[in-house]
Amino acid sequence: MMIIDSKYTKKFVSDSLTHTKYNELHEFAVCLRDFKNQLSKEISKNIFYYLDIKPLEFVTMMYSKHKGLINSSFSKQLYEQVLICYQNKFKAIQRNLSFEKIIFLGFEFYKRETKKHKKGDFKKVVLKREKSKLSICLSYLARYGDENIVEYIHSQINNVDETKKKFYNNILACIDKFGFDRLYNLALSKRNRIIKHYSKYPVEFKSLSFSGRSRKVDIISYNGNYNSVINSFISLSGLNRKSFDIPIKFNKHYHGNINDYHKKSNTYNYTITFNEKDKQVNVHICKYGKRYIPTVDENSASIGIDVNVKHNLFSLSDGSTYDYNRKLVNDFCKLSTYLDKVKEKQEKGKKDIKYKVGKRYQLKLDKLREKMVKSNQELISNICKALRSNGITHIVMENLDNGFGKSHVKDKTNEDINFNRVVKFLKISNLKDEIEHIGRKYNIAVSTVQSYYTSKMCSVCGCIEDENRTSQEEFSCIECGHSENADINAAINIRNRVVEAVLREKLLKQLDNGTYEPKNLKKEKVKEILLSYRTKHLYKHRC
């Protein structure tokens with residue numbers, strides 16, 4: 001075990017909060033949410049301007065631009081939240097603004113019979129993408145170019161290091177060879193097209209949760225009236241009152257010592273969430289402490305876990321499977337399909353009217369989501385118990401961050417709803433954090449690997465082909481003939497990327513506690529490493 005300094009977020013549930021105070025908090029939260037949406041529209045209209053902005057620079061700019069509109073106890077957190085929500089858009093824009101040289105490598109044909117194609121039928125054109133001097137120049141002009149960019153480069157070229165100087169010389173050489181107007185217009189055309197696409201829909205904030213800072217001497221204190229049923233108060237500042245006191249239930253067994261929340265400086269950060277059904281609020285406050293982190297070494301027994309939605313939620317490399325609560329998913333799909341029909345009926349022929357889910361149905365949706373989270377947590381806890389009883393202390397799984405989505409497939413067993421909505425309901429991207437959090441209680445560490453080619457690669461011979469997947473359920477290698485459940489085969493591949501020293505060294509980087517996370521490699525590079533390994537070795541490990 002490894003001990004590190006850490007922060008803990010503790011939830012304090014309000015106890016008998018009056019309707020007057022609840023409504024005051026609710027109205028304040030609505031004002032903050034509306035301001036965030038206003039700010040979001042402002043950013044979306046000028047999204048290219050904010051593309052490379054630093055968080056501190058953004059907050060400073062918003063301070064001066066919207067001075068006096070938002071209390072200083074909430075403005076910094078609000079501006080940071082808005083900027084964070086645009087980070088994925090910014091990354092997508094920067095990624096799409098790059099140019100690449102495309103090299104034709106030939107054609108690829110089907111290697112065996114499929115449902116729709118015969119062996120030898122045309123499959124796809126094989127292309128290779130790489131950087132060239134011209135593509136690097138065009139990418140630079142698309143991201144930073146303007147009419148004065150050449151003058152700017154000339155003014156900076158003698159004040160930079162050799163690497164930057166070589167880069168600038170390449171830009172100037174391409175401009176001299178092909179002409180500035182020609183290159184700039186090409187880069188500008190791509191920039192305008194991408195910016196238009198990503199600025200079309202601003203990020204919309206719906207949640208009423210908000211964060212702030214309290215400058216009270218003590219944010220939590222016991223109630224001085226010992227005859228009262230309320231044992232403690234949280235005192236907040238900046239809410240149009242000298243002191244906004246929220247009655248709470250303080251429990252030593254869960255919250256710890258009350259002195260742990262007292263600071264030398266009178267600045268406490270907190271987040272408030274709303275329970276609209278009971279008209280109460282939750283206050284989330286950080287406290288400092290020690291955290292125990294499981295460690296991994298060469299003797300740690302490892303297991304691979306593949307996450308899937310269509311069949312079993314978790315498939316393990318030892319052949320065992322664990323499924324999610326399908327009744328909850330089915331209930332969610334039925335309710336969502338009903339609301340879709342109501343929305344379609346309400347908006348039919350009315351362009352300016354948008355259907356908004358009523359409170360009763362929204363509470364049902366929220367309750368289903370809450371039950372799903374608890375169900376998954378219980379499932380993960382059962383997995384960790386079973387692994388620990390078998391002496392396994394190391395879980396390896398795919399990096400699930402933004403790894404799902406953009407699917408047009410419909411779930412025929414659940415009202416023909418799009419699988420993207422099922423993935424979102426199951427909170428697939430959060431499962432890694434849940435496994436890491438729960439696994440810590442059982443002294444089980446978690447590593448992640450790249451998701452590329454885990455499902456198309458043979459766990460025995462290393463063959464990577466689309467035709468290896470005969471169906472969604474079954475895997476059958478076209479070279480060695482190995483047959484396996486597709487998800488279990490993927491789980492074995494996931495485990496092997498940590499177990500095999502050559503793959504581990506080239507694909508992953510090791511963290512302080514001995515676990516691994518993926519190196520930032522492109523999909524083509526991962527495939528190149530896997531095929532290079534395959535030509536020299538055969539997989540030796542199988543659970």
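Partly exposed here means a relative accessible area between the buried limit (under 20%) and the exposed one (over 50%). Asp34 fits that label because its relative accessibility is 41%. Keep in mind that this is a predicted model. What follows is a quick tour of its salt bridges, surface patches, one open sheet and a pair of unusual backbone angles.

**Salt bridges**

- The structure holds 21 salt bridges.
- Glu24 pairs with Arg241, and their closest N and O atoms sit 2.9 Å apart. This pair ties together distant parts of the chain: Glu24 belongs to helix H1 (residues 19–45), Arg241 to the loop between strand E6 (232–236) and strand E7 (244–248), and 217 residues separate them.
- Both ends of that bridge come out as partly exposed, with Glu24 at 25% relative accessibility and Arg241 at 32%.
- Asp34, the residue we opened with, has Arg33 as a salt-bridge partner, with 4.0 Å between the closest N and O atoms.
- Another bridge joins Glu130 to Lys128, where the closest N and O atoms are 4.0 Å apart. Glu130 is partly exposed at 27% relative accessibility, and Lys128 is partly exposed at 43%.
- There's also a network of salt bridges, which links Glu108, Lys123, Lys456, Asp466 and Glu467.

**Surface patches**

- A nonpolar patch on the surface takes in Ile102, Phe104, Phe107, Phe109, Phe122, Val125 and Leu127, and together they have about 690 Å² of accessible area.
- Strand E2 (101–109) and strand E3 (122–130) each put at least two residues into the nonpolar patch. E2 gives the largest share, with four residues.
- Phe104 is a handy one to look up: you'll find Phe104 in strand E2. Its relative accessibility is 48%, so Phe104 counts as partly exposed.
- On the charged side, Asp146, Glu147, Glu151 and Asp181 make up a negative surface patch.
- Within that patch, Glu147 sits in the loop between helix H5 (133–144) and helix H6 (149–156). With 63% relative accessibility, Glu147 counts as exposed, because the exposed class starts over 50%.

**The open sheet**

- Five strands build an open sheet with mixed pairing, and the order reads E12-E11-E10-E13-E16.
- Strand E12 (321–322) and strand E16 (445–449) are the edge strands; each has a single partner strand, so one side of each has no neighbour in the sheet.
- E12 runs antiparallel to strand E11 (residues 314–316), and two bridges join them. If you want a spot to click on, Phe314 has Tyr322 of E12 as its bridge partner.

**Positive phi outside glycine**

- Lys279 is not a glycine, yet its phi is positive, at about 60 degrees. Look for Lys279 in the loop between strand E8 (268–275) and strand E9 (280–293). Lys279 is partly exposed, with 28% relative accessibility.
- Asn443 is a residue other than glycine with a positive phi, near 60 degrees. Asn443 lies in the loop between helix H13 (431–441) and E16, and that E16 is one of the edge strands of the open sheet. The relative accessible area of Asn443 is 28%, so Asn443 counts as partly exposed.

Note on methods:
Residues numbered from 1 in each chain as written. Predicted model: local features only at pLDDT ≥ 70, side-chain atom pairs only at ≥ 80, totals over all residues. Heavy atoms only, no water. Patch = residues over 30% accessible without salt bridge, like charges linked within 9 Å, V, L, I, M, F, W, Y side chains within 5 Å. Areas by Shrake-Rupley, 256 points an atom, 1.4 Å probe, with all protein chains shown as cover. Salt bridge = Lys/Arg side-chain N within 4 Å of Asp/Glu carboxyl O. Lys, Arg positive; Asp, Glu negative; His and termini not counted. Charge placed at Lys NZ, Arg CZ, Asp CG, Glu CD. Buried < 20%, exposed > 50% of the residue type's maximum accessible area, 1.4 Å probe, protein only. Pairing = 2+ DSSP bridges.
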